[in-house]
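Reader: Before I rely on any of the terms applied to this model, I would like to see how each one is justified.

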Amino acid sequence: VRERDLVERERERKEGRKEGKGISIFVDGRFLDDASTSSSCSMCDYTGLGNEGGAYTEVELRDGGRILKVLGHAEMAEFGKEFGELMATVKDLSNVLTTIKRNVENTCEVLSHWEKNSMFERKEGKTYSVEEFAEVHSTLTTTRYSAIEDGGKEITKLLSNSNRTLKVSKGAPPWKAYVEYVSEIVISGFCDSILESVAYLHAQVDPAVMEKNETVPLLTIELELLTPDIVFQPDIGERAGGTGIRDIFNGWLKGMLDIGSLMKRLDIGEGNYLVELEEDFLVRDAMSQIQHVILANEEKCNEFKDSYKKYEYLWMLDLQQTLKEFLEENAVVHEDGTKEDPALERFDEEIRRYKDVQEEIQGLTTSATIGWIKVDSKPIKQALSTCVTKWIFQFTAYLSNKVTDSMEELFTFMDN
C-alpha cells in the first residue's frame, strides 16, 4: 500500500510538472514538501549546500531557469536534530504562555465572581425594621468577606504559580512589571465589585428608580413624641455612637470599600488596596451621587416631622396655667366689681376648638412613604390624641367640678 501510494504521488508530481503546477519533493523516497513554481519556497534557503556526508536527491525547480537542490542525508539529519531542539523550545514556550494566560484568566474569573455577588442584598417586596436588616446585612457581609479573602489567597497562589513557571527572580524588573500588571487587574476587579454594589444600593434608595421599578421602601422607622421634641427612632441623621440612619447608610458604603483590606498586596506582600479604592475616581463619583440622594431624602423626612410642630402647644403649654388665664380673661364682671366664671358658651367654644383638633389628629396618617424610608407615625398620633384629650378633660372637668361643688353647697344650704 505504501509503495502504491508513493508511485501515485510520483505520478502526480510528474503530471504537475508538465502542467506547470506545484512539484513534490522526495528524499530517499520519502515525501517532504510541496513547492510552487510561481513563488519562492522554503527549500531555496538550502541551495548550494552540496552533498557532503553522502548522496543527495536532486530536484529541479524550473523558476527562471535555475536548478535548486535540497539537502543530502547528513545535512538533513543535522537539520532534523536542530529542528527537534527548536520545536522542544517552542513547545516549552507555548506551555509557559498557556500557563500564564490561564492564570490571568482564572484571576479575572475570581474577580468576576466578586462583582456578581453584591455586597448589598434585600428580599424583594420586603420592608425591614432597622434591627432586622442590620442582622441580615451582617450575615451577608460575613459571607462576602470570607469569599473575597479566599479569592485573594487564590489570586496570590496563581501569581506564585506564574513565577515558578517562568523561573524568574522576583526582583527582576520584567517580573515586577508583570506583578504591577496583575495588580492593576485586581484593583480594577475590586472597583467593579464596589461599583456594582453601589449601583444596586442606588436602585433601592433613589425615589425615581424606585417608582419606575415599583420598589417598596427598604427601612421603616418610627416618629415619636419625646417631650418636648418630635423625634425619629432611630434618628434620620447622624447620632453619637453611629446609631442614626445616615450613620447606618455610611456604614454600608464603608463595608463595600473595606473589601480592599481583605487581600494582601501582590507587589510587596503586605498592606492592602484600600487606598487605591478610596482614591478611584469612579468609586468616589458613585458614592458622591448616592450621598446626594440620601441627603435629599433626609430633608424630606425632616419636613414631614416638622409638619407636626403645629400641635406643639398641646404639650408645651401648662394645662393649669392656661386654664387660669382663660378664666381670668373671660370672666364675667358685675357692676359691683365682683367676678364669676366665664359663661357656659365660652367654655363650649373652647371645648369645641379642642374637639376639632382631636378630630383632625384622628384623621392623620399612620404611616408615610418617603423615598426609601417608611415612617411609622402611629406613636406620635397616639401621643397627640392623648395630649388633646387632656385639654378637653381640663375644661370639662372644671365645669363638672363646679357643678358638683354648687350641688354640694345647695344640699348643705337645704340641710341647714
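Author: Let us begin with a single bridge: Tyr-128 has Leu-219 in strand S6 as its bridge partner. This is a predicted model, in which local features need pLDDT of at least 70, side-chain atom pairs count only at pLDDT 80 or more, and totals for chains, interfaces and linings use all residues. Residues are numbered from 1 along each chain as its sequence is written, and side-chain values use heavy atoms, with hydrogens and water left out.

Reader: What makes S5 and S6 a pair?

Author: Two strands pair if DSSP finds at least two bridges between them, and strands themselves are DSSP runs (E, at least two residues), as helices are (H or I, at least four), numbered from the N terminus. S5 (residues 128–129) and S6 are joined in the parallel sense over two bridges, so they meet that condition.

Reader: How many bridges link S6 with S11, and in which sense?

Author: S6 and S11 (residues 373–376) pair in the parallel sense over four bridges, with Ile-373 in S11 as the partner of Leu-219.

Reader: Why is H4 called roughly antiparallel to H6?

Author: H4 (residues 173–205) and H6 (residues 245–257) pack at an angle of about 160 degrees, with their axes 9 Å apart. Angles under 35 degrees count as roughly parallel, over 145 as roughly antiparallel, 65 to 115 as roughly perpendicular and the rest as oblique, and therefore H4 is roughly antiparallel to H6. These axes are lines fitted to C-alpha atoms, for helices over the stretch in contact, with angles running from 0 to 180 degrees between N-to-C directions.
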